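Colleague: I am new to this structure and would be grateful for a close look at a single part of it. Could you please take the aromatic pairs and explain what they join?

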Amino acid sequence: MRTLTFLRPIARRAAARIVAWAAVTRLRLVDPTRPGASRRLRAPTRAQAASDRVASVSAPIRAQAASRRAASVSAPCKQGFTLVELMVVIVIIGLLATVVAINVLPSQDRAMTTKAKADIATLEQAIETYRLDNLDFPADLQALVAAPAGLADAERYRPGGYVRRLPEDPWGEPYQYRRPGAHGGPFDVFSYGADRKEGGEGDDADLGNWQV
């Protein structure tokens, strides 16, 4: 009896250790991703293992195939233009240049002619005003900017002149003045036109106050 009393504490401690070990083992076998779940982890089946091996082998193959597809897509971007493509581009540029030449250049010529006529009209008006003030036509166009020497009555000359400055024609040449005029008027103010010489036709024709 005394022996059983002595063994009771030892048995209790051993039972407590066994229970604790069983609890720890049970926790290790329970799925940790689902708290409180009673489902136990199962070892992977042969089919799953085979599937994993196939996936590990096919992954590099898929990566190589994707790399080849990317290279085939980017390859045309690295290639240069072919001879036919270059010829097509050159032809298109030539056509555009022709269209510009046909439509823009005549407009530019008309604009230059319009400017020349406007300048001639301004100079003609200044010459007429000079005649009214000084009772005679100027000897040259420079008299419209500053009073000429030997003016009969200098006080009649308008302060500041009759034009601020003498303009050049659209072709970079000075306007011409001729007195008496060669076209039935008392004087001629004119430009030689694009050819910068007297006479000519078309854009090279002279432009004068007898045409304005």
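Modeller: Please note at the outset that this is a predicted model. A search of the whole structure finds seven aromatic pairs. In one of them, the ring centres of Y130 and Y157 are 6.1 Å apart and the planes stand at 75°, so this pair is edge-to-face, the term used for planes over 60 degrees apart. Y130 belongs to helix α3, which covers residues 83–134, whereas Y157 lies in the loop between α3 and β1; the pair therefore ties together parts that are 27 residues apart in sequence.

Y130 also pairs with Y162. Here the ring centres are 5.5 Å apart and the planes are at 70°, so this pair too is edge-to-face. The contact links distant parts of the chain, with Y130 in helix α3 and Y162 in the loop between α3 and β1, 32 residues apart. Through such ring pairs, Y130, Y157 and Y162 form a cluster.

Are these residues buried or exposed? Residues under 20% relative accessible area count as buried. Y130 has a relative accessibility of 4% and is therefore buried. Y157, at 9%, is buried as well, and so is Y162, with a relative accessible area of 12%.

The strand β1, which bounds the loop holding Y157, belongs to an open sheet of three strands in the order β1-β2-β3, paired antiparallel. β1 (176–178) and β3 (207–208) stand at the edges with a single partner strand each, so one side of each has no neighbour in the sheet.

Definitions and conventions
Residues are numbered from 1 along each chain as its sequence is written. This is a predicted model: local features need pLDDT of at least 70, side-chain atom pairs count only at pLDDT 80 or more; totals for chains, interfaces and linings use all residues. Side-chain values use heavy atoms; hydrogens and water are left out. Two strands pair if DSSP finds at least two bridges between them. Helices (H or I, at least four residues) and strands (E, at least two) are DSSP runs, numbered from the N terminus. Rings of Phe, Tyr and Trp (its six-membered ring) pair if their centres lie within 6.5 Å; planes under 30 degrees apart count as stacked, over 60 as edge-to-face and the rest as tilted. Buried means under 20% relative accessible area, exposed over 50%, partly exposed in between (1.4 Å probe, protein chains only).
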